[in-house]
Amino acid sequence: MIRLTSPTSSGYETHYVAADNIARITEAGVSSQWHGIRSFVRLFDGAMLECSEVASDISKQVSEARAQEHKDE
């Protein structure tokens, strides 16, 4: 599972997402970053998460989680 946080008006919301459910990770633009959104994570079910983590960090977590899952098989 990957832990992601989204900025909200009252703080942060935490999401736990299976690595295999992540379809795409995109670095946020300057205007979004100004508001605390560092990346956009699209899930295979169509949901979009606005995350405070940098896209490269999320990608690394996903790679590590997938490698661990395959190692456990």
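**A tour from Asp-20 to the sheet**

Start by selecting Asp-20, which counts as partly exposed at 48% relative accessibility. Keep in mind as you click along that this is a predicted model.

Next, add Arg-66 to your selection. Arg-66 forms a salt bridge with Asp-20, and the closest N and O atoms lie 3.4 Å apart. Arg-66 is partly exposed as well, because its relative accessible area of 29% falls between the 20% and 50% cut-offs. Zoom out a little and you will see that the pair links distant parts of the chain: Asp-20 sits in the loop between strand 2 (11-17) and strand 3, Arg-66 sits in helix 2, and 46 residues separate them. No need to hunt for others, as the structure holds one salt bridge.

Now for the sheet. Colour strands 3, 4 and 5: they form an open sheet in the order 3-4-5, with antiparallel pairing. At the edges are strand 3 (22-27) and strand 5 (48-51), each of which pairs on one side only. Look along the sheet and compare the strand directions: neighbouring strands are turned by 20° against each other on average, direction ignored.

Then show helix 2, residues 55-72, which packs on this sheet and touches strand 3, strand 4 and strand 5. The direction of helix 2 makes about 155° with that of strand 3.

For a last stop, select strand 3 together with strand 4 (residues 39-43). How many bridges join these two strands? There are five, and the strands run antiparallel. Within this pairing, pick out Arg-24, and you will find Arg-42 of strand 4 standing opposite.

Conventions: Residues are numbered from 1 along each chain as its sequence is written. This is a predicted model: local features need pLDDT of at least 70, side-chain atom pairs count only at pLDDT 80 or more; totals for chains, interfaces and linings use all residues. Side-chain values use heavy atoms; hydrogens and water are left out. Two strands pair if DSSP finds at least two bridges between them. Helices (H or I, at least four residues) and strands (E, at least two) are DSSP runs, numbered from the N terminus. Axes are lines fitted to C-alpha atoms, for helices over the stretch in contact, and angles run from 0 to 180 degrees between N-to-C directions. Contact means heavy atoms within 4.5 Å. A salt bridge is a side-chain nitrogen of Lys or Arg within 4 Å of a carboxyl oxygen of Asp or Glu. Buried means under 20% relative accessible area, exposed over 50%, partly exposed in between (1.4 Å probe, protein chains only).
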